[in-house]
Amino acid sequence: MAARQPRFNQAVLIDTTPLPDSIPKVEEVGASSAPLMSAAYFIGARCKAYNDDYMMCKTEAHGRGEFECMKEGRKVTRCAASVIDDITKNCLQEFRNHWECLENNNQQLWHCRKWEWKLNGCVYQKLGLEKKIPGAPEHETPVHLRKRQIYSQNEPGVIT
């Protein structure tokens, strides 16, 4: 048996070292996983260029580049925060219904299709952002637009 007794520290560790002035300051998005998942495709649609720049920076840095790519990462964060702000200003009730459904259904999208359809319509109508699933076959109907949902009890047009 070990002579030393284990010690567990439950304190939060915060690094107080300030970032260099060359890195722009930005507020965090401030959303949990359900709202981020609900808005993910819209964030992807609007912030694609910033995401691509960030990923290119990380690729060129061979997986490192924590500080070298911080500017690009901050642009991604700022863009994502602007998308969530726009959605909450224009489609708050639809957004809240969808992410609360995700929160209550273990983040499974197929449980929340009826709220997703309403959110997609509102965001497209008011912000011009459309949900597109990357890598989905172009000749097939996307899973979120199919008339018959395989696992879902909800059908388009039958919204209760």
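This report walks through a predicted model of one protein chain, from its overall make-up down to a few single residues.

## What you're looking at

Because this is a predicted model, local features need pLDDT of at least 70 and side-chain atom pairs count only at pLDDT 80 or more, while totals for chains, interfaces and linings use all residues. Residues are numbered from 1 along each chain as its sequence is written, and side-chain values use heavy atoms, with hydrogens and water left out.

So how sure is the predictor? pLDDT is its confidence in each residue, on a scale from 0 to 100. The chain has a mean pLDDT of 82, with 82% of its residues at 70 or more. Among the elements, helix 4 (residues 92–104) has the highest mean, 94, and helix 5 the lowest, 91. A word of caution: where pLDDT is low, don't read the predicted coordinates in detail.

## The overall layout

How many helices and strands does the chain have? There are five helices and zero strands, so from the N terminus on you'll read α-α-α-α-α. Both kinds of element are DSSP runs numbered from the N terminus: helices are H or I with at least four residues, strands are E with at least two.

Of the 160 residues in the chain, 27% are buried. Buried means under 20% relative accessible area, exposed means over 50%, and partly exposed is in between (1.4 Å probe, protein chains only). Looking at contacts (heavy atoms within 4.5 Å), 69% of those with a separation of 6 or more join residues 24 or more positions apart.

## Helix 1 meets helix 3

The axes of helix 1 (residues 33–46) and helix 3 (residues 70–90) come within 9 Å and cross at roughly 115°. Axes here are lines fitted to C-alpha atoms, for helices over the stretch in contact, and angles run from 0 to 180 degrees between N-to-C directions.

Helix 1 brings Leu36, Ala39, Phe42, Ile43 and Arg46 to this contact, and the helix 3 residues include Cys79, Val83 and Ile87. Sorted by class, the contact has nine nonpolar, one polar and two charged residues. For the sorting, Ala, Val, Leu, Ile, Met, Phe, Trp, Tyr, Cys and Pro count as nonpolar, Asp, Glu, Lys and Arg as charged, and the others, Gly among them, as polar.

## The nonpolar core

A nonpolar core is a set of buried Ala, Val, Leu, Ile, Met, Phe, Trp, Tyr and Cys residues joined through side-chain atoms within 4.5 Å. The largest one has 15 residues, and Phe42, Ile43, Ile87, Leu119 and Val123 have the most contacts inside it. Helix 1, helix 3 and helix 5 (113–127) each supply at least two of its residues, with the largest share, five, coming from helix 3.

Take isoleucine 87: leaving aside neighbours within four places in sequence, it touches Ala39, Phe42, Leu92, Phe95, Leu119, Val123 and Leu127.

## Three residues to find

Is alanine 34 buried or exposed? This helix 1 residue is buried, at 0% relative accessibility. Its C-alpha atom is 5.1 Å from that of tryptophan 99, 65 residues away along the chain. Beyond its neighbours within four places in sequence, alanine 34 is in contact with Trp99, Leu102, Glu103 and Gln107.

That last partner, glutamine 107, lies in the loop between helix 4 and helix 5, and so does asparagine 106. Neither is glycine, yet phi is positive in both: near 55° for asparagine 106 and near 60° for glutamine 107. Asparagine 106 is exposed, at 63% relative accessible area, whereas glutamine 107 is partly exposed, at 25%.

Definitions and conventions
pLDDT is the predictor's confidence in each residue, from 0 to 100.
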